[in-house]
Amino acid sequence: MIKIAIFASGSGSNFENIVNHVQKGDLLGIEVTALYTDKAGVKCIERAEKLNIPVHINQPKDFISKSSYEQHLLKLLSNEGVQWIVLAGYMRLVGEDLLHAYEGRMLNIHPSLLPKYKGLDAIGQAFESGDSVTGSTVHYVDSGMDTGEIIEQQQCDIRTDDTKEDLEERVKNLEYELYPRVIAKIIK
């Protein structure tokens with residue numbers, strides 16, 4: 001059994017989707033050890049509790065440095081035997097400590113066709129751009145913001161009658177298919 005930890009900072013819909021795939025048996029040989037979040041009171045915590053997944057809430061402001069924060073996370077990850085980290089809406093750049101410990105074993109999903117529209121509000125950036133397509137990208141995590149090696153992308157149209165909310169919904173649905181599919185291929 002390969003143990004993964006999922007990191008999230010917000011609503012946790014991708015977290016919930018991955019856990020549902022694991023619990024249904026669609027991601028064979030994978031166990032989600034816990035949800036790791038950097039914020040208290042966020043929706044992903046509620047989702048984890050409903051799914052009976054343990055939660056680690058660690059707020060960086062409670063640590064003296066980014067390194068001490070990540071060293072604490074590494075102790076928790078080690079105690080749980082975590083082999084892979086899956087970022088699912090984790091809104092923080094990963095530092096040297098985690099990157100070194102999980103080099104080549106950390107995935108992220110981003111709501112754009114990277115290298116376009118890195119960072120925050122990628123869907124809004126695509127919506128305002130005049131582009132006719134956007135999508136989602138799964139990539140390995142490196143020290144940059146959404147700069148790691150691309151594993152797989154899936155695209156969707158930006159329709160002329162779309163609202164930003166329509167486009168967000170379409171991209172989110174892409175992510176719900178793309179991320180579990182890539183996880184199944186990569187994490188073995």
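Visitor: Is the crossing of α1 and α2 left-handed or right-handed?

Guide: Right-handed. Bear in mind that this is a predicted model.

Visitor: Okay, and which residues of α1 and α2 make the contact?

Guide: On the α1 side you have S13, F15 and E16, and they meet C44, R47 and A48 of α2.

Visitor: What's that mix by class?

Guide: The contact has 3 nonpolar residues, 1 polar one and 2 charged ones.

Visitor: At what angle do those helices pack?

Guide: About 20 degrees, for α1 (residues 13–24) against α2 (residues 43–50), and their axes sit 9 Å apart. Angles under 35 degrees count as roughly parallel, so α1 is roughly parallel to α2.

Visitor: Switching to the sheet: what's the strand order?

Guide: Going across, it reads β3-β2-β1-β4-β5-β6-β7. That's an open sheet of 7 strands, and the pairing is mixed.

Visitor: Which ones are the edge strands?

Guide: β3 (55–57) and β7 (150–157), each of which pairs on one side only.

Visitor: How many degrees does the twist average?

Guide: From one strand to the next, the average is 20 degrees.

Visitor: In what sense do β1 and β2 pair?

Guide: Parallel, over 7 bridges, with β1 covering residues 2–8 and β2 residues 30–37. If you want a spot to look at, find A5, which stands opposite A34 in β2.

Visitor: Last one: which strands does helix α6 lie across?

Guide: Helix α6 (residues 164–186) lies across β2, β4 (84–87), β5 (106–110), β6 (133–140) and β7. Relative to β7, α6 runs at about 150 degrees.

Conventions:
Residues are numbered from 1 along each chain as its sequence is written. This is a predicted model: local features need pLDDT of at least 70, side-chain atom pairs count only at pLDDT 80 or more; totals for chains, interfaces and linings use all residues. Side-chain values use heavy atoms; hydrogens and water are left out. Axes are lines fitted to C-alpha atoms, for helices over the stretch in contact, and angles run from 0 to 180 degrees between N-to-C directions. Helices (H or I, at least four residues) and strands (E, at least two) are DSSP runs, numbered from the N terminus. Angles under 35 degrees count as roughly parallel, over 145 as roughly antiparallel, 65 to 115 as roughly perpendicular and the rest as oblique. A crossing is left-handed if the near helix is turned anticlockwise from the far one by less than a right angle, and right-handed if clockwise. Contact means heavy atoms within 4.5 Å. Ala, Val, Leu, Ile, Met, Phe, Trp, Tyr, Cys and Pro count as nonpolar, Asp, Glu, Lys and Arg as charged, and the others, Gly among them, as polar. Two strands pair if DSSP finds at least two bridges between them.
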